[in-house]
Amino acid sequence: RFSRSTGLNKLVTVPISAASAAQRAGRAGRLRDGLCLRLWEKEEQLQPEDAPAIALVDLTSALLSLAAAGVPPSRAISLPWLDAPPQDALDHAAEVLRSLGAFCQEEGSEEQLTGHGRQLARLPLHPRLAHLAVRAPTAQGIGGGFGADIADLCALLEEEQDVLKATPKRSEEQ
């Protein structure tokens, strides 16, 4: 799920939907005898279906990729999406990319990808982290030799789980 406070996606534990529970129960005995345990109260009401993933994640990377493929941000909503993304999520993604200097707009024309935006699109990172990787070594007051540290930082931040949190040891490891 997208966290606007950090500007990145994060992995969160959420209740299962009724549709996902039924699908997983079907998998339990597909190839051989299986067992499906449901760990919630009988009276608990599950949501009928999961929300489409596109409604829950940050679209900044997708919008940057579309722009790199020649689709201006203003036309992204008109694409034949399986599930259309929320307009406010697309607007937020475009604003992030503008703030990073990935888009520019000349008067009377649609927004275009800048040279910096093309650099960001070539890196296999979230655009915010790609911006860090491209700009940090040349920032005022920073000398050379920090490339490895910046790469490590980007790798840590791109990870979908919090690698800084202590993980509980399994009982067999104790």
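## A walk through the model, starting at glutamate 110

Let's begin with a single side chain: glutamate 110 has a relative accessibility of 27%, which puts it in the partly exposed class. Keep in mind that what you're looking at is a predicted model. Glutamate 110 is worth a stop for its partner: its side chain meets that of arginine 75 in a salt bridge, with 2.7 Å from N to O. Arginine 75 sits in the loop between helix H2 (60-68) and helix H3 (87-99), while glutamate 110 sits in the loop between strand E3 (103-104) and strand E4 (112-113), so the salt bridge ties together parts that are 35 residues apart in sequence. Arginine 75 is partly exposed too, at 46% relative accessibility.

Before going further, here's the overall layout. The protein has six helices and four strands. Starting from the N terminus, you'd meet them in the order β-β-α-α-α-β-β-α-α-α. Of its 174 residues, 24% count as buried. The accessible surface adds up to about 12600 Å², and carbon and sulfur atoms make up 52% of that. If you take the contacts with a separation of 6 or more, 54% of them are between residues 24 or more positions apart.

How much of this can you lean on? The average pLDDT is 81, and 83% of the residues score at least 70. Confidence peaks in helix H4 (residues 115-122), with a mean of 95, and bottoms out in strand E2 (residues 8-9), with a mean of 66. Then there's the stretch over residues 170-174, where pLDDT is below 50; leaving aside near neighbours in sequence, that stretch has one contact in the model. Where pLDDT is low, the predicted coordinates shouldn't be read in detail.

Back to the charged pairs. Side chains of opposite charge can pair when their charged atoms come close. In this model, the count comes to three salt bridges. You've already met the one between arginine 75 and glutamate 110; arginine 98 takes part in a salt bridge with glutamate 95, where the closest N and O atoms are 3.0 Å apart. Those two residues are three apart in helix H3, so about one helical turn separates them. Glutamate 95 is partly exposed, with a relative accessible area of 45%, and arginine 98 is also partly exposed, at 36%.

Arginine 98 has another salt bridge, this one with glutamate 111, and here the closest N and O atoms are 2.5 Å apart. This pair links distant parts of the chain: arginine 98 belongs to helix H3 and glutamate 111 to the loop between E3 and E4, 13 residues apart. Glutamate 111 is buried, with a relative accessible area of 15%. Through shared partners, the salt bridges join Glu95, Arg98 and Glu111 into one network.

Now for the greasy part. In soluble globular proteins, nonpolar side chains tend to be buried together. The largest nonpolar core here has 19 residues, and the members that touch the most other members are Leu59, Leu63, Leu64, Leu97, Phe103 and Leu120. H2 and H3 each supply at least two residues of this core, and H3 gives the most, with six. Phenylalanine 103 is a good one to click on. Setting aside residues up to four places away in sequence, phenylalanine 103 touches Leu63, Ala67, Pro73, Ala94, Leu97, Arg98, Glu111, Gln112, Leu113 and Thr114. That list includes Arg98 and Glu111, the two partners in the 2.5 Å salt bridge.

Which leucines form a nonpolar patch on the surface? They are Leu35, Leu37 and Leu39, with about 420 Å² of accessible area together. Leucine 35 is found in the loop between helix H1 (18-28) and H2, and at 69% relative accessibility it counts as exposed.

One last stop, further along the chain: alanine 133, in helix H5 (residues 127-135). Alanine 133 is partly exposed, at 27% relative accessibility. Not counting residues up to four places away in sequence, alanine 133 touches Leu123, Leu125, Ile150 and Cys154. Take the contact with Cys154: the C-alpha atoms of alanine 133 and cysteine 154 are separated by 7.3 Å, though the two residues are 21 apart along the chain.

Note on methods: Residues numbered from 1 in each chain as written. Predicted model: local features only at pLDDT ≥ 70, side-chain atom pairs only at ≥ 80, totals over all residues. Heavy atoms only, no water. pLDDT = per-residue confidence, 0-100. Contact = heavy atoms within 4.5 Å. Salt bridge = Lys/Arg side-chain N within 4 Å of Asp/Glu carboxyl O. Buried < 20%, exposed > 50% of the residue type's maximum accessible area, 1.4 Å probe, protein only. Core = buried A, V, L, I, M, F, W, Y, C linked by side-chain atoms within 4.5 Å. Patch = residues over 30% accessible without salt bridge, like charges linked within 9 Å, V, L, I, M, F, W, Y side chains within 5 Å. Areas by Shrake-Rupley, 256 points an atom, 1.4 Å probe, with all protein chains shown as cover.
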